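I opened this model to see how its helices and sheets are put together. These are my entries, in the order I looked things up.

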Amino acid sequence: MACRFVCSKTAKKLRIKVTLDGVEVVVPEDREVQDGLAFVANNQAWVTAQLERARQLRAVRRPDKRMQGQVLFRGELVSVKVLRIDRRIAPNKVALEESGISITCGSDARTPASRSLENWLRKQARESIKKHLADVAKRVNRTPNRIYIMGQRTKWGNCSALGNLSFNWRLIMAPDYVLRYIVTHEMAHLAISDHSRRFWMTVQSICQNADRARQWLISNADNIKINLSTIVDSVPDKQGILTT
Ligand SMILES: [Zn+2]
């Protein structure tokens, strides 16, 4: 692990700072670098955890310029506005308006705007998925056991051995035919568990846009996996700081 030592005239205490650039140890004038080394050694577990956290933060996809203040919703880029109102005590409110999505929050609301936006998107996703499920169920002649809405960044849908289906809420960012394809795909797994030729024929017979939908998900993966807080929260993630 690379560590940078900075001697400080103003610092009163030893301090370890873990940022995206690495580990920095601030050593007060009256202390030895040895003390700094010992301090790091004694807090090895904390430093390792912070480094891991920094690595994950770096891996989070940042939106490109075009995406700032915008989010994909049902396949279209929609602008997102956060309205901060002084002394508002009601919970954050998300609404779809003609001009885009608006999030109304109190100026010191506890819930981040991004969390409220995610909850709202999850709700929209659940409703759309249920609608498609009811429709596709008639075509495959199967009914799922339970439905889960999940939030992994890597998976769009899943069908368990118990007949439970899960779907990624982020699919609400995709056009309706993409959502329909994923619902069809998982529903078809209730009848055929593998990815055999028969499986694909079944999917294809219910959903003509399957190839186009898969292509859309590949081309838009970065935008759909976006971290909502980089779009709407003005306060960036704090870096890890530990003092003696
Ligand atoms: Zn599959």
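**Entry 1: what covers H4**

I started with the surroundings of helix H4, in what is a predicted model. The cover over the buried residues of H4 includes helix H3 (113–140), helix H5 (197–206) and helix H6 (210–219). Strand E9 (157–159) and strand E10 (165–168) are also part of that cover.

How many residues of H4 are buried? I find 12 of the 16, so H4 is largely enclosed by the rest of the structure. I listed the buried residues: they begin with Val-178, Leu-179, Arg-180, Tyr-181, Ile-182 and Val-183. Thr-184, His-185, Glu-186, Met-187, Ala-188 and His-189 complete the list.

I then checked the length of H4, which takes in residues 176–191. At 1.5 Å a residue, its 16 residues should span 22 Å, and the end C-alpha atoms lie 23 Å apart, which agrees.

**Entry 2: H4 against H6**

Next I took one of the covering helices, H6, by itself. The H4 and H6 axes cross at roughly 110 degrees and come within 9 Å. The cut-off I needed here is 65 to 115 degrees for roughly perpendicular, and H4 and H6 are therefore roughly perpendicular to each other.

Which residues of H4 and H6 meet? On the H4 side I noted Tyr-177, Val-178 and Tyr-181. On the H6 side they meet Ala-210, Ala-213, Trp-216 and Leu-217. I sorted the residues of this contact by type and got seven nonpolar, no polar and no charged. Val-178 and Tyr-181 of this contact are also in the list of buried H4 residues.

**Entry 3: the three-stranded sheet**

From H4 I moved to the strands that help cover it. E9 and E10 belong to an open sheet of three strands, ordered E8-E10-E9, with mixed pairing. The edge strands are E8 (147–150) and E9, each of which pairs on one side only. From one strand to the next the twist averages 15 degrees.

I looked at the pairing of E9 with E10: the sense is antiparallel, over three bridges. Asn-158 stands opposite Ser-166 in E10. As for H4, this helix lies across E9 and E10 and runs at about 10 degrees to E9.

**Entry 4: the four-stranded sheet**

I found another open sheet, this one of four strands in the order E4-E5-E7-E6, also with mixed pairing. Here the edges are E4 and E6, each pairing on one side only. The twist in this sheet averages 30 degrees from one strand to the next.

Which helix packs on this sheet? H3 does, touching E5, E6 and E7, and its direction makes about 130 degrees with that of E7. H3 is also among the elements that cover the buried residues of H4.

Strand E7 (residues 100–106) pairs with E6 in the antiparallel sense over five bridges. A hairpin joins E6 to E7 through two residues. I wrote down two opposed pairs: Glu-97 has Gly-100 in E7 as its bridge partner, and Lys-93 stands opposite Thr-104 in E7.

**Entry 5: two arginines with positive phi**

I went through the loops beside this sheet for backbone angles. Arg-74 has a positive phi of about 50 degrees, although it is not a glycine. Arg-74 lies in the loop between strand E4 (70–73) and strand E5 (76–85). Arg-87 has a positive phi as well, of about 60 degrees, and is likewise not a glycine. Arg-87 is placed in the loop between E5 and strand E6 (93–97).

Are these two arginines exposed or partly exposed? I counted C-beta neighbours inside 10 Å. Arg-74 has 16 of them and so counts as partly exposed. Arg-87 has 7 and so counts as exposed; the cut-off for exposed is 12 or fewer.

**Entry 6: the chain as a whole**

Last, I took down totals. The protein chain holds eight helices and 11 strands. Of its 244 residues, 23% count as buried. For contacts with a separation of 6 or more, residues 24 or more positions apart account for 51%.

Methods: Residues are numbered from 1 along each chain as its sequence is written. This is a predicted model: local features need pLDDT of at least 70, side-chain atom pairs count only at pLDDT 80 or more; totals for chains, interfaces and linings use all residues. A residue is buried if 20 or more other C-beta atoms lie within 10 Å of its own, exposed if 12 or fewer, and partly exposed in between; C-beta atoms are placed from the backbone. The expected span of a helix is 1.5 Å times one less than its number of residues. Two residues are in contact if their C-beta atoms, placed from the backbone, lie within 7 Å. Axes are lines fitted to C-alpha atoms, for helices over the stretch in contact, and angles run from 0 to 180 degrees between N-to-C directions. Angles under 35 degrees count as roughly parallel, over 145 as roughly antiparallel, 65 to 115 as roughly perpendicular and the rest as oblique. Ala, Val, Leu, Ile, Met, Phe, Trp, Tyr, Cys and Pro count as nonpolar, Asp, Glu, Lys and Arg as charged, and the others, Gly among them, as polar. Two strands pair if DSSP finds at least two bridges between them.
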